[in-house]
Amino acid sequence: MTRFIYLDNNATTPVDPEVLKEMVPFFSVYYGNPSSPYRLGQEAKQYVKKSRIALARFLGCEEEEIVFTSCGTESNNAAILSALRTTGKKRVITTATEHSAIYELCVDLEKRGFEVLRIGVNASGLLKLEEIEKHLTADTAIVSVMWANNETGVVFPIEQIAAMCQEKGVLFHTDAVQAIGKIPIDLSQIPVDFLSLTGHKFYAPKGIGALFIRKGKQFEPFMRGGSQEMHRRAGTENVPAIIGMGKAIEILSQNMEEDNKRILQLRNLLESRILEEIPFTKVNGDKEHRIVNTTNIFFEGVDSETLLFDLDQKGIYASGGSACTTGSLKPSRVLTAMGLNPIEAKSSIRFSLGRYNTEEEIHRAVDEIKKSVEKIRKKLPKSS
Ligand SMILES: *Cc1c(COP(=O)(O)O)cnc(C)c1O
């Protein structure tokens with residue numbers, strides 16, 4: 001039996017042992033700088049190339065279209081800031097449910113005189129597409145829409161939005177951090193201009209990400225320095241992490257479909273048992289257009305922080321929203337955008353499953369969630 005039950009894979013994932021094994025020699029044996037001309041450096045460079053090829057194959061793009069970055073946040077910032085510089089335009093269209101790595105950037109852009117338009121979602125968390133269409137004018141620098149939501153798992157129709165942007169000649173970026181490994185992606189078929197991803201959401205280490213930049217699209221880095229990544233991302237490559245991410249991608253290429261089938265079954269087991277056995281619960285977000293590993297559940301009359309604390313004591317890890325916003329007392333931006341009131345938003349919990357969860361864990365977790373919810377509800381003067 002494991003020490004704890006980890007149901008927060010949208011916050012981060014453990015490093016796959018195979019990934020770790022692949023990385024180790026690059027700390028101490030092949031530790032050269034890929035920019036060094038001698039053999040030790042050139043060997044490192046060859047391995048970095050191998051990872052780049054693996055990633056390009058997985059995404060259906062070309063090797064030269066991949067730029068390694070430090071994380072998803074950096075990739076997101078790089079894409080938006082570049083678009084503003086290269087187009088000289090002042091307008092960004094995004095959504096009300098983006099991760100803070102886009103949302104907070106846009107708040108800052110507004111302070112600096114840029115115009116940001118946030119497209120809303122309906123009660124199921126689905127995007128109001130006609131709103132994008134209506135506002136998609138030629139003076140827009142870039143449209144940025146996440147592929148899958150980190151809190152609800154709701155998937156946006158990226159194919160359609162990308163096509164709309166292409167038609168209007170407007171750049172399109174997608175934060176695909178939660179889509180990688182969960183949704184098959186083929187960039188040779190979808191006119192996305194920029195795409196962000198990060199390793200630690202698919203069993204590679206933290207601190208490594210990538211930005212896809214479509215060939216022929218202008219790009220201006222915000223960070224200046226060396227000529228790494230074909231002048232698109234200065235700074236010495238994080239070689240061990242790049243190797244790790246390459247291996248993690250290879251594993252996905254082989255096991256993604258099978259893993260997702262299993263994870264979907266476990267997620268559905270968790271969800272159906274909670275809905276059936278715990279009264280006054282419901283799922284937040286569209287159940288159909290959703291990544292396989294995520295469920296966001298409203299527990300009426302239960303303060304999510306109290307429930308999460310109780311589960312934490314039992315070694316069960318879930319989340320009240322995005323890991324990047326916990327600790328703030330504000331209700332989830334994503335859930336309130338869907339029309340939940342602050343109390344409802346603060347009575348909701350996200351469970352996100354991963355490769356290492358077992359059926360036994362899910363049953364144990366539900367048993368404990370049930371007990372915790374009952375306990376918390378009993379303490380209330382009277383449930384509303
Ligand atoms: C985790 C996450 C990010 C941030 O990635 P980092 O590598 O932690 O910077 C961005 N977008 C989404 C949707 C995420 O889930």
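The exercises below, each with a worked solution, concern the fold, cores and cysteines of a predicted model.

**Exercise 1. Find how compact the chain is for its length, and describe its extent and surface.**

Solution.
- Step 1. Start with the secondary structure: the chain contains 13 helices and 12 strands.
- Step 2. Compare the radius of gyration with the globule rule. The chain has a value of 21 Å, close to the 21 Å that the rule gives for 384 residues, so the chain is as compact as a globular protein of that length.
- Step 3. Take the extent along the principal axes: the C-alpha trace spans about 70 × 50 × 35 Å.
- Step 4. Turn to burial and surface. Of the 384 residues, 55% are buried. The accessible surface of the chain is about 17,000 Å², and carbon and sulfur atoms account for 53% of that surface.
- Step 5. Look at contacts between residues at least 6 apart in sequence: 74% of them join residues at least 24 apart.

**Exercise 2. Locate the largest nonpolar core with respect to the domains, and name the residues that touch the most other members.**

Solution.
- Step 1. List the residues with the most contacts to other members. In this core of 68 residues they are L59, W147 and I180.
- Step 2. Ask which element contributes the largest share. Helix α9 (residues 239-277) does, with 10 residues.
- Step 3. Assign the core to domains. Domain 1 (5-13 + 256-378) and domain 2 (17-251) both give residues to the core, so the core lies between them.
- Step 4. Set the other core apart. A second, separate core has 25 residues, including I5, I278, V292 and I362.
- Step 5. Examine the surroundings of L59. Leaving aside neighbours within four places in sequence, L59 contacts I66, I180, I185, D186, L187, S188 and L197. I180 in this list is also one of the residues named in Step 1.

**Exercise 3. Decide how many disulfides the chain has, and check C61 and C165 for burial.**

Solution.
- Step 1. Apply the cut-off: a disulfide needs two cysteine sulfur atoms within 2.5 Å. The count is zero.
- Step 2. Check C61. The nearest cysteine sulfur is that of C165, 19 Å away, and C61 is in no disulfide.
- Step 3. Check C165. Here the nearest cysteine sulfur belongs to C106, at 14 Å, and C165 is in no disulfide either.
- Step 4. Classify burial, which means under 20% relative accessible area. C61 has 14%, so C61 is buried. C165 has 0%, so C165 is buried.

Technical notes: Residues are numbered from 1 along each chain as its sequence is written. This is a predicted model: local features need pLDDT of at least 70, side-chain atom pairs count only at pLDDT 80 or more; totals for chains, interfaces and linings use all residues. Side-chain values use heavy atoms; hydrogens and water are left out. A nonpolar core is a set of buried Ala, Val, Leu, Ile, Met, Phe, Trp, Tyr and Cys residues joined through side-chain atoms within 4.5 Å. Buried means under 20% relative accessible area, exposed over 50%, partly exposed in between (1.4 Å probe, protein chains only). Helices (H or I, at least four residues) and strands (E, at least two) are DSSP runs, numbered from the N terminus. Domain bounds come from an automatic or database domain assignment. Contact means heavy atoms within 4.5 Å. The radius of gyration is taken over C-alpha atoms; the globule rule is 2.2 Å times the number of residues to the power 0.38. Accessible areas come from the Shrake-Rupley method with a 1.4 Å probe; for residues, only the protein chains shown count as cover.
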